[in-house]
Amino acid sequence: MALILKDRVKQTASAPGTGTITLSGSVTGFQSFSSVGNGNTTYFAIVDPVSGAWEVTYGVYTSSGTTLTRNATPLSSSTGTLVNFTGAVDVFV
């Protein structure tokens, strides 16, 4: 599908580990990832607000299950590898 970039997209997720992110709540004042469109690719960042761990990558948004895949070679606080997020994270464009 298409590469889609949107402004002010932010949601939360819980403990995605190193795999696909299952998005949960939307953040007040922001759009949800549904604005990207089912099956489309987008760039996004993931941040653990407690530990400060972060990742900037791209992946595909899927509306059934509200998930985002993660590219295997992101920019990250783990020196270019997927971060093993174990707590609540913010996911945003």
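**Exercise 1. Arginine 8 and alanine 15**

Work out whether arginine 8 is buried, partly exposed or exposed in this predicted model, then look at its backbone angle.

*Solution.* Start with the cut-offs: buried means under 20% relative accessible area, and exposed means over 50%. Arginine 8 has 48% relative accessibility, so it counts as partly exposed. Next, place it in the chain: arginine 8 sits in the segment before β1 (10-14). Now turn to the backbone. Most residues other than glycine have a negative phi. Arginine 8, however, has a positive phi, near 55°.

Alanine 15 can be handled in the same steps. Its phi is near 45°, again a positive value in a residue that is not glycine. Alanine 15 belongs to the loop between β1 and β2, and because its relative accessibility is 42%, it counts as partly exposed.

**Exercise 2. A charged pair**

Find which side chain forms a salt bridge with arginine 70, and say where the two partners lie.

*Solution.* As a reminder, side chains of opposite charge can pair when their charged atoms come close. The cut-off here is 4 Å between a side-chain nitrogen of Lys or Arg and a carboxyl oxygen of Asp or Glu. Arginine 70 meets glutamate 55 at 2.8 Å, N to O. Arginine 70 is in the loop between β5 (67-68) and β6 (75-76), while glutamate 55 is in strand β4, so the bridge ties together parts 15 residues apart in sequence. Then check the accessibility of each partner. Arginine 70 counts as buried because its value is 12%, and glutamate 55 counts as buried because its value is 0%. The count for the model comes to one salt bridge.

**Exercise 3. Asparagine 40 and isoleucine 4**

Describe the surroundings of asparagine 40: what does its side chain reach, and which residues distant in sequence does it contact?

*Solution.* First, locate asparagine 40 in the loop between β2 (21-26) and β3 (41-47). With a relative accessible area of 12%, it is buried. Its side chain reaches the backbone oxygen of valine 36 at 2.9 Å. Beyond its neighbours within four places in sequence, asparagine 40 touches Met1, Ala2, Ile4, Gly59, Val60 and Tyr61.

Now follow one of those contacts. Isoleucine 4 lies in the segment before β1. Setting aside neighbours within four places, its contacts are Val36, Asn40, Thr41 and Thr42. The C-alpha atoms of isoleucine 4 and valine 60 are 9.8 Å apart, although 56 residues separate them along the chain.

**Exercise 4. Nonpolar residues, inside and outside**

Identify which residues have the most contacts inside the largest nonpolar core, and which ones form a nonpolar patch on the surface.

*Solution.* Begin inside. In soluble globular proteins, nonpolar side chains tend to be buried together. The largest nonpolar core here has 15 residues, and Ile21, Leu23, Phe33, Phe44, Ile46, Leu68 and Val91 have the most contacts inside it. Strands β2, β3 and β7 (88-92) each give two or more residues to this core. Take leucine 23 for a closer look: apart from neighbours within four places in sequence, its contacts include Phe33, Leu68 and Val91, as well as Tyr61 and Thr66.

Then move to the surface. Leu3, Leu5, Tyr43 and Tyr58 form a nonpolar patch, with about 420 Å² of accessible area together. Of these, tyrosine 58 lies in strand β4 (residues 54-62). Because its relative accessibility is 36%, tyrosine 58 counts as partly exposed.

Conventions: Residues numbered from 1 in each chain as written. Predicted model: local features only at pLDDT ≥ 70, side-chain atom pairs only at ≥ 80, totals over all residues. Heavy atoms only, no water. Patch = residues over 30% accessible without salt bridge, like charges linked within 9 Å, V, L, I, M, F, W, Y side chains within 5 Å. Areas by Shrake-Rupley, 256 points an atom, 1.4 Å probe, with all protein chains shown as cover. Helix = DSSP H or I, 4+ residues; strand = E, 2+ residues; numbered from the N terminus. Buried < 20%, exposed > 50% of the residue type's maximum accessible area, 1.4 Å probe, protein only. Polar contact = N/O pair within 3.5 Å; in protein donor to acceptor, adjacent residues only side chain to side chain. Contact = heavy atoms within 4.5 Å. Core = buried A, V, L, I, M, F, W, Y, C linked by side-chain atoms within 4.5 Å.
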